[in-house]
Amino acid sequence: MKKFLIFVTRSPFDSLNGQTALSFCEAAIALGHEIEHVFFYQQGIQHANVDIQPAAGEKSMLTQWVTFSEQTKTSLNVCVTASIKRGVLSVEDASYVKSHSNVHHAFNPVGMAEYFSALNKNASSDTNSLICMQF
Amino acid sequence: MTKLLIISTKPPYVDSASQDALEAALAASNVGVEVSFVFSQQGLYQLLESQNSTYLQKRSVLKQIKALPLYDIKAIYYVEEHMTDLMLSSQALTSVVTPIDTNALQQLCAASNAILRF
């Protein structure tokens, strides 16, 4: 069994990278592998944005990620620094700027340290080395 | 110790990639990850000493690159072949970076636990 750490950097509407990442995660779990967590960075943070309305007839990436997370208990982590500057605010950040929060509650607003700590933790345990995938 | 390689391939200021790469490097170094940083392709434009971000009212990418050693990131390289491709000279680039060839880059990739490309 392998363990994967997933890094998504593109938005749901201008790239297929997010869809590919999700398909990869689903396939990996179906084959008995494990996803350490999915980390959303750069424009990838838009996957957590509840204000995005997909065009009629198009699938919502947000809904798909939420369903995936619920079914597989995989953590979805979104970088707060990358999110704030793109107007995607957690409840805490929204309260500071007196605006509304638009990060879906299934996504955890975290610092980048969360991603690199996972990398560090798994490198130190020799049982399962972590494979990092960037989409 | 985990070894992370960050490859920065975009010119500064035109989008957020150069800034995002630098922020990722600092975050990684901060939690004890050993970071190597490589400027590749048009990312070499980030190294130009003559850049000036005042007009754009953006943080200077060059100043942030020069500060990397203060954050324990000392392995900073650029791909020498790409300098020739872009018709840049080593004198035009900041001196905190070291040239490497593509073979050395391959070795660096192979020796890293994780690679992030921006």
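Begin with chain B, which has four helices and five strands. The model is a predicted one. Coloured from the N terminus onwards, the elements of chain B appear in the order β-α-β-α-β-α-β-α-β.

**Chain B as a whole**

Display the C-alpha atoms of chain B alone; along the principal axes they fill a box of roughly 40 × 30 × 20 Å. The radius of gyration of chain B is 13 Å, in agreement with the value near 13 Å for a compact globule of 118 residues. Of those 118 residues, 37% count as buried. Among the contacts in chain B between residues at least 6 apart in sequence, 73% join residues at least 24 apart.

**The sheet of chain B**

Select next the five strands of chain B. They form an open sheet in the order S4-S3-S2-S1-S5, with parallel pairing. Which strands stand at the edges? They are S4 (98–100) and S5 of chain B; each has a single partner strand, so one side of each is left without a neighbour in the sheet. Viewed from one strand to the next, the twist averages 30°.

Now restrict the view to S1 (residues 3–8) and S5 of chain B. These two strands run parallel and are joined by four bridges. Within this pair, Leu4(B) stands opposite Ala114(B), a residue of S5(B).

**Two helices across the sheet**

Add H1 of chain B to the selection. This helix lies across S1, S2 (34–39) and S5 of chain B, and runs at about 170° to S1(B).

Then add H4 (residues 102–110) of chain B. H4(B) lies across S1, S2, S3 (75–79), S4 and S5 of chain B, running at about 150° to S2(B).

**Two successive residues in strand S1 of chain B**

Select Ile7(B), which is found in strand S1 of chain B. Is this residue buried or exposed? Ile7(B) counts as buried because 22 C-beta neighbours lie inside 10 Å, and the cut-off for a buried residue is 20 or more. Leaving aside residues up to four places away in sequence, Ile7(B) touches Val38(B), Ser40(B), Ile115(B) and Arg117(B). For a distance check, select Gln57(B) as well: Ile7(B) and Gln57(B) are 50 residues apart in sequence and 25 Å apart in space, C-alpha to C-alpha.

Move to Ile6(B). What does this residue touch, not counting residues up to four places away in sequence? Its contacts are Ala21(B), Ala24(B), Ala25(B), Val35(B), Phe37(B), Leu116(B) and Phe118(B).

**The largest nonpolar core**

In soluble globular proteins, nonpolar side chains tend to be buried together. In this model, the largest nonpolar core has 69 residues. Select Ile6(A), Leu119(A), Ile6(B) and Ala25(B), the residues with the most contacts inside this core. H1(B) gives the most to the core, with seven residues.

**Where the two chains meet**

Display both chains together. The contact between them takes 16 residues from chain B and 15 residues from chain A. On the side of chain B that touches chain A, helix H1 (17–30) and strand S5 (114–117) of chain B each supply at least two residues. Which element gives the most to that side? It is H1(B), with six residues. By residue class, the side of chain B that touches chain A divides into eight nonpolar, five polar and three charged residues.

**Chain A**

Hide chain B and select chain A, which contains five helices and five strands. Read along the sequence, these elements follow the pattern β-α-β-α-β-α-α-β-α-β. The radius of gyration of chain A is 15 Å, close to the 14 Å given by the globule rule for 135 residues, so chain A is as compact as a globular protein of that length. The C-alpha trace of chain A spans about 45 × 35 × 25 Å along its principal axes. Buried residues account for 41% of the 135 residues. Of the contacts in chain A with a separation of 6 or more, 72% are between residues 24 or more positions apart.

**A last stop: Thr67(A)**

Select Thr67(A), which lies in helix H2 (residues 61–72) of chain A. Why does Thr67(A) count as exposed? There are 12 other C-beta atoms within 10 Å of Thr67(A), and a residue is exposed if that number is 12 or fewer. Finally, add Val103(A) to the selection. Thr67(A) and Val103(A) are 36 residues apart in sequence, and their C-alpha atoms are 16 Å apart in space.

Technical notes. Residues numbered from 1 in each chain as written. Chains lettered and ligands numbered in written order. Predicted model: local features only at pLDDT ≥ 70, side-chain atom pairs only at ≥ 80, totals over all residues. Rg over C-alpha atoms; globule rule 2.2 N^0.38 Å. Contact = placed C-beta atoms within 7 Å. Nonpolar A, V, L, I, M, F, W, Y, C, P; charged D, E, K, R; others polar. Pairing = 2+ DSSP bridges. Axes fitted to C-alpha atoms, helices over the stretch in contact; angles between N-to-C directions. Core = buried A, V, L, I, M, F, W, Y, C linked by C-beta atoms within 7 Å.
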